[in-house]
Amino acid sequence: MPQTNLGRVAFKFQGDYSALTTYAKYDVVFDGYSSYVSLVTNNIGNALNNASYWGLLSKGNPILYGDTASRPSITSIGIQYFDTTINK
């Protein structure tokens, strides 16, 4: 039976973006709040906002990140949660 090489058919998560790393097509990186997918092979040193090399996969909200003092409290953004560590 003949076989066909499909190449990479799934995303490969690479962690935090580094301009010094060479990324393959469909590699996914994180910039601290959003995720991007590489659109080309041998993607190195290209800024994440360059749409010729990177596609926005999921957009985060930068206000939720950064130093602790600048982050909103859980109640100010309307999230309710159950803390299993203290049974509340």
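Tutor: Before we start, note that accessible areas here come from the Shrake-Rupley method with a 1.4 Å probe, and that for residues only the protein chains shown count as cover. The model itself is a predicted one.

Student: What share of the accessible surface of the protein belongs to carbon and sulfur atoms?

Tutor: The accessible surface of the protein comes to about 6,900 Å². Of that area, the part that belongs to carbon and sulfur atoms is 55%.

Student: In which order do the elements of the protein run from the N terminus on?

Tutor: The protein has 0 helices and 4 strands, so the order has to be written with strands alone, given that helices and strands are taken as DSSP runs numbered from the N terminus. From the N terminus on, the elements run β-β-β-β.

Student: In what sense do β3 and β4 pair, and over how many bridges?

Tutor: Strand β3 covers residues 35-38, and β4 covers residues 54-58. One bridge joins S38 to its partner W54 in β4. The pairing of β3 and β4 is antiparallel, and its bridges number 4.

Student: Which residue takes a positive phi in the hairpin of β2 and β3?

Tutor: Strands β2 and β3 pair in the antiparallel sense over 3 bridges, and V29 stands opposite Y36 in β3. Between the two strands of this hairpin there are 4 residues, and the positive phi, near 115 degrees, belongs to G32.

Student: Which residues make up the largest nonpolar core?

Tutor: Of the 88 residues of the protein, 17% count as buried, and the largest nonpolar core has 5 residues in all. V29 is one of its members, and V29 touches, among others, Y23, Y36, L48 and W54, when residues up to four places away in sequence are not counted. The full membership of the core is Y23, V29, Y36, L48 and W54.

Student: Is S35 buried or exposed?

Tutor: S35 lies in strand β3, where S35 and V37 point one way while Y36 and S38 point the other way. Leaving out residues up to four places away in sequence, S35 touches V28, V29, F30, G55, L56, L57 and S58. Because its relative accessible area is 15%, below the 20% cut-off, S35 counts as buried.

Student: How should the exposure of Y26 be classed, and why?

Tutor: Y26 is found in the loop between β1 (12-16) and β2 (27-30), and its phi is near 75 degrees, a positive value in a residue other than glycine. Most residues other than glycine have a negative phi. As for exposure, the relative accessible area of Y26 is 34%, which falls between the 20% and 50% limits, and therefore Y26 is partly exposed.

Student: How much accessible area does the nonpolar patch that includes Y26 have?

Tutor: Y26 forms this patch on the surface together with F11, F13 and L57. The accessible area of these residues together is about 420 Å².

Student: Which exposure class does N42 fall into?

Tutor: N42 is found in the loop between β3 and β4, and its phi is also a positive value in a residue other than glycine, near 60 degrees. Its relative accessibility is 59%, over the 50% cut-off, so N42 counts as exposed.

Notes: Residues are numbered from 1 along each chain as its sequence is written. This is a predicted model: local features need pLDDT of at least 70, side-chain atom pairs count only at pLDDT 80 or more; totals for chains, interfaces and linings use all residues. Side-chain values use heavy atoms; hydrogens and water are left out. Patches are made of residues with over 30% relative accessible area and no salt bridge: like charges are joined within 9 Å, nonpolar side chains (Val, Leu, Ile, Met, Phe, Trp, Tyr) within 5 Å. A salt bridge is a side-chain nitrogen of Lys or Arg within 4 Å of a carboxyl oxygen of Asp or Glu. Buried means under 20% relative accessible area, exposed over 50%, partly exposed in between (1.4 Å probe, protein chains only). A nonpolar core is a set of buried Ala, Val, Leu, Ile, Met, Phe, Trp, Tyr and Cys residues joined through side-chain atoms within 4.5 Å. Contact means heavy atoms within 4.5 Å. Two strands pair if DSSP finds at least two bridges between them.
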